[in-house]
Amino acid sequence: MSKEDTLDKYIEHRPKVFDPDKILVYLNALDKNKIKAEDDYEEVKDQMQEQLDYIITEKVENLKCSIALAKVKATNDDRYKDIRATYRKRKAYFLLKKVEANNGHSYCENLKQKSINQLAIDKLTLKH
């Protein structure tokens with residue numbers, strides 16, 4: 001497997017067999033990562049709006065222009081562009097962690113079902 005083909009860490013660390021304790025630890029870690037990423041995303045989302053409001057007010061006061069013109073100038077301000085770039089990165093990271101958590105939950109549910117099926121096959125096989 002080449003470097004480009006390496007598995008994501010959440011896939012590498014997934015449980016290989018149905019062990020409720022290991023699955024609980026695994027899913028807990030995925031869910032905590034998702035929650036942390038969501039918190040970071042929400043924080044920067046709030047900061048972005050606050051930054052935009054601040055820059056608009058600053059433009060209105062300093063340039064003595066209309067609010068509409070101040071909004072246009074604010075969206076072209078480097079401070080706003082920087083926080084917007086951070087917002088996009090954190091949003092993408094949150095969405096990634098959300099997908100990883102959902103995939104992990106699906107994988108573990110599938111692992112549980114396989115374990116149940118194997119138990120049923122084993123019981124049926126022992127009777128015959």
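**Charge pairs, a core and a patch**

Lysine 112 has a relative accessibility of 32%, so it counts as partly exposed. This is a predicted model. The partner of lysine 112 is glutamate 109: the two form a salt bridge, with their closest N and O atoms 3.3 Å apart. Both residues sit in helix α4, and because they are 3 residues apart, about one helical turn separates them. Glutamate 109 is also partly exposed, with a relative accessible area of 43%. Salt bridges with shared partners also build a network, which joins Glu58, Lys59, Asp77 and Arg79.

Two members of that network can be looked at in detail. Aspartate 77 and arginine 79 form a salt bridge, and 3.0 Å separates their closest N and O atoms. Are these two residues buried or partly exposed? Aspartate 77 has a relative accessible area of 11%; buried means under 20%, so aspartate 77 is buried. Arginine 79 has a relative accessible area of 31%, so it is partly exposed. The bridge therefore joins a buried acid to a partly exposed base.

Helix α2 holds another pair. Lysine 36 forms a salt bridge with aspartate 40, and here the closest N and O atoms are 3.0 Å apart. Both lie in α2, 4 residues apart, which is about one turn of the helix. Aspartate 40 has a relative accessibility of 22%; the buried class ends at 20%, so aspartate 40 counts as partly exposed. How many salt bridges are there in total? The count comes to 7. Side chains of opposite charge can pair when their charged atoms come close.

Now turn to the nonpolar side chains. The largest nonpolar core has 14 residues. Which of them touch the most other members? They are Met48, Leu52, Ile56, Ala74, Tyr80, Ile83 and Tyr87. Three elements each give two or more residues to this core: α2 (20–63), α3 (67–75) and α4. Helix α2 gives the most, with 7 residues.

Finally, look at the surface. Arg84, Arg88, Lys89 and Lys91 form a positive patch. Arginine 84 belongs to helix α4, which covers residues 78–127. Why can arginine 84 be part of a patch? Patch residues need over 30% relative accessible area, and arginine 84 has 32%, so it passes that cut-off. Patch residues also have no salt bridge, so the charges of this patch are not paired in that way. Arginine 84 counts as partly exposed.

Helix α4 thus appears in several parts of this account: it contributes to the core, carries the pair of glutamate 109 and lysine 112, and holds arginine 84 of the patch.

Conventions
Residues numbered from 1 in each chain as written. Predicted model: local features only at pLDDT ≥ 70, side-chain atom pairs only at ≥ 80, totals over all residues. Heavy atoms only, no water. Patch = residues over 30% accessible without salt bridge, like charges linked within 9 Å, V, L, I, M, F, W, Y side chains within 5 Å. Areas by Shrake-Rupley, 256 points an atom, 1.4 Å probe, with all protein chains shown as cover. Salt bridge = Lys/Arg side-chain N within 4 Å of Asp/Glu carboxyl O. Lys, Arg positive; Asp, Glu negative; His and termini not counted. Charge placed at Lys NZ, Arg CZ, Asp CG, Glu CD. Buried < 20%, exposed > 50% of the residue type's maximum accessible area, 1.4 Å probe, protein only. Core = buried A, V, L, I, M, F, W, Y, C linked by side-chain atoms within 4.5 Å.
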